[in-house]
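Work through the exercises below with the sequence and the model side by side. Try each task before you read its solution.

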Amino acid sequence: MTSRSTPAITRPGGGRTRLTTLVAILAVTQTVGYGILYYTFSVLISPIAHDLHTSTARVTAAITISVLAGSAAAIPVGRWLDRHGGRALMATGSLLGVAAVVAWSQVHSLVQLYFVFVFIGAASAMSLYEAAFAVLIATSGPERRASAMLQVTIVAGFASSIFLPLTGWLATEWGWRTTLLTLAGLLAATAIPGHLIAVPSRRVHREHTSSQPGTRPADALRDRGFWLLGGAFVLHAAAVSSVGVLLVTSLQHLGHTAKTAATVAGLLGVLSVTGRLTTTAVARRHGMASVTAILFGVQAVGVAALPYLGRNLAAAGACVTAFGLGFGVATIARPAIVAARYGTARYATISSALVLPITLAKAAAPLTAALLSVRWAMTAAAAGCLGAAVLLSWSARPGEARTARRRSSPGVDPQVGSATLR
């Protein structure tokens, strides 16, 4: 039986197949997109700095420019997604990404590099997670939304594992300029046709969203719960960014060798997948906000205990495990919560209002934490996780868990309990 909440995929016998195809193709395009537009850069920093006769620090500034440019583009991108859907935008963003990577391969100065990375940031905003999640939310019903995003993020989580060694091998064999041209060809061959084929058209998007409940962005911004939600994810982003950058160094300061510290820190990748799987499964009965708040609290305990217990290897592993379970949860929790509370009709515009503060928190927190001792840096991160858990709990609406249980029950209309502001 096809849910009436998903008219964009309700052709007889074809609804589930259509969404499955969309999820599969987005999993590929997000993996390739993140691999090329984000992870490739870290491998090429040194050869680029050598060729441009500059420092690696100055070259690294390009990725900061990219992230800020993507954040600045978030709100106009969100408005476009709400009004027109994602097909044209994501295909155009992929085309822009291809052109930018080709231009990147031809830079001969820092100014040119920085200019190119403005466009890489814009291309990322148009074609990566934020846009992909908006498409999935507009296309899938509440009962399948979280699992659809989960499937995409699990596959795309392998982007670094694939593209870091691939880029390193290509750069060693052919040089960084030829490597970028090769990767641009791969991006063109996958992302552009993938988005044109799988992402619903403007007509289908409008047919779907015109009948969907939704809150006006101005009303959402006047809602106290929205700012509690935003504060929670800003604090969590700052904490996760700090620990992600400083964890290996912190473990070394606690007496572990570089190899051991890197191995223990490497648990974060596996645990992030475990946390997402657990959250998605449990949230069906207890609500995404409530489950996410509990995981943030578990993270706070783990990272707070690390400076005191972390000299023992087993205890350090336990602390990292507690923190790692929530490491990637915000990626799927934030869009799921925003869509459930404010509807799908204006989801992308409302969600985009959170992108800039979250991005700034991610950028600033590691630098601030690096100025502190290990104990105080971990304590600050624990406070951030705990604060996020408290704010998220305060923002949870009465009946959220009850609504989640109704949605998970057979034969129940998934639209029951859709959250809109009155």
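**Exercise 1. State how much surface the protein exposes, and which atoms supply most of it.**

Solution. The protein exposes about 18100 Å². Carbon and sulfur atoms supply 66% of that area. Accessible areas come from the Shrake-Rupley method with a 1.4 Å probe, and for residues only the protein chains shown count as cover.

This is a predicted model, in which local features need pLDDT of at least 70 and side-chain atom pairs count only at pLDDT 80 or more, while totals for chains, interfaces and linings use all residues. Residues are numbered from 1 along each chain as its sequence is written, and side-chain values use heavy atoms, with hydrogens and water left out.

**Exercise 2. Describe the overall make-up: helices, strands, burial and contacts.**

Solution. Start with secondary structure: there are 20 helices and 0 strands. Helices (H or I, at least four residues) and strands (E, at least two) are DSSP runs, numbered from the N terminus. Next, take burial. Of the 422 residues, 54% count as buried. Buried means under 20% relative accessible area, exposed means over 50%, and partly exposed lies in between (1.4 Å probe, protein chains only). Last, take the contacts (heavy atoms within 4.5 Å). Among contacts with a separation of 6 or more, 83% join residues 24 or more positions apart.

**Exercise 3. Find the loop between H1 and H2, and say which residue there has a positive phi.**

Solution. The loop lies between helix H1 (15-52) and helix H2 (56-84), and His 53 is placed in it. His 53 has a positive phi of about 55°, although it is not a glycine. Most residues other than glycine have a negative phi. Is His 53 buried or exposed? His 53 is exposed, with a relative accessible area of 73%.

**Exercise 4. Describe how H14 packs against H15.**

Solution. Two packed helices are described by the angle between their axes and the distance between the axes. Axes are lines fitted to C-alpha atoms, for helices over the stretch in contact, and angles run from 0 to 180 degrees between N-to-C directions.

- Step one: the axes of H14 (residues 288-309) and H15 (residues 313-324) come within 7 Å and cross at roughly 155°.
- Step two: H14 and H15 are therefore roughly antiparallel. Angles under 35 degrees count as roughly parallel, over 145 as roughly antiparallel, 65 to 115 as roughly perpendicular and the rest as oblique.
- Step three: H14 passes H15 in a left-handed crossing. A crossing is left-handed if the near helix is turned anticlockwise from the far one by less than a right angle, and right-handed if clockwise.
- Step four: the residues in contact include Gly 302 and Leu 306 of H14, and Cys 319 and Phe 323 of H15.
- Step five: by class, this contact has 10 nonpolar, 2 polar and no charged residues. Ala, Val, Leu, Ile, Met, Phe, Trp, Tyr, Cys and Pro count as nonpolar, Asp, Glu, Lys and Arg as charged, and the others, Gly among them, as polar.

**Exercise 5. Do the same for H11 and H12.**

Solution. The axes of H11 (residues 224-253) and H12 (residues 258-265) come within 9 Å and cross at roughly 135°. H11 and H12 are therefore oblique to each other. The crossing of H11 past H12 is right-handed. H11 brings Leu 247, Val 248, Leu 251 and Gln 252 to the contact, and H12 brings residues including Ala 261 and Val 264. The classes are 8 nonpolar, 1 polar and no charged residues.

**Exercise 6. Describe the packing of H5 on H16, then follow Phe 133.**

Solution. H5 and H16 (residues 329-342) pack at about 45°, with their axes 11 Å apart. That makes H5 oblique to H16. H5 passes H16 in a right-handed crossing. Tyr 129, Glu 130, Phe 133 and Ile 137 of H5 meet Thr 331, Arg 334, Pro 335 and Ala 339 of H16. Here the contact has 5 nonpolar, 1 polar and 2 charged residues.

Now take Phe 133, which lies in H5 (residues 129-139). Phe 133 counts as buried at 3% relative accessibility. Beyond four places in sequence, Phe 133 touches Met 149, Thr 153, Thr 331, Pro 335 and Tyr 347. Phe 133 and Tyr 347 are 214 residues apart in sequence and 9.8 Å apart in space, C-alpha to C-alpha.
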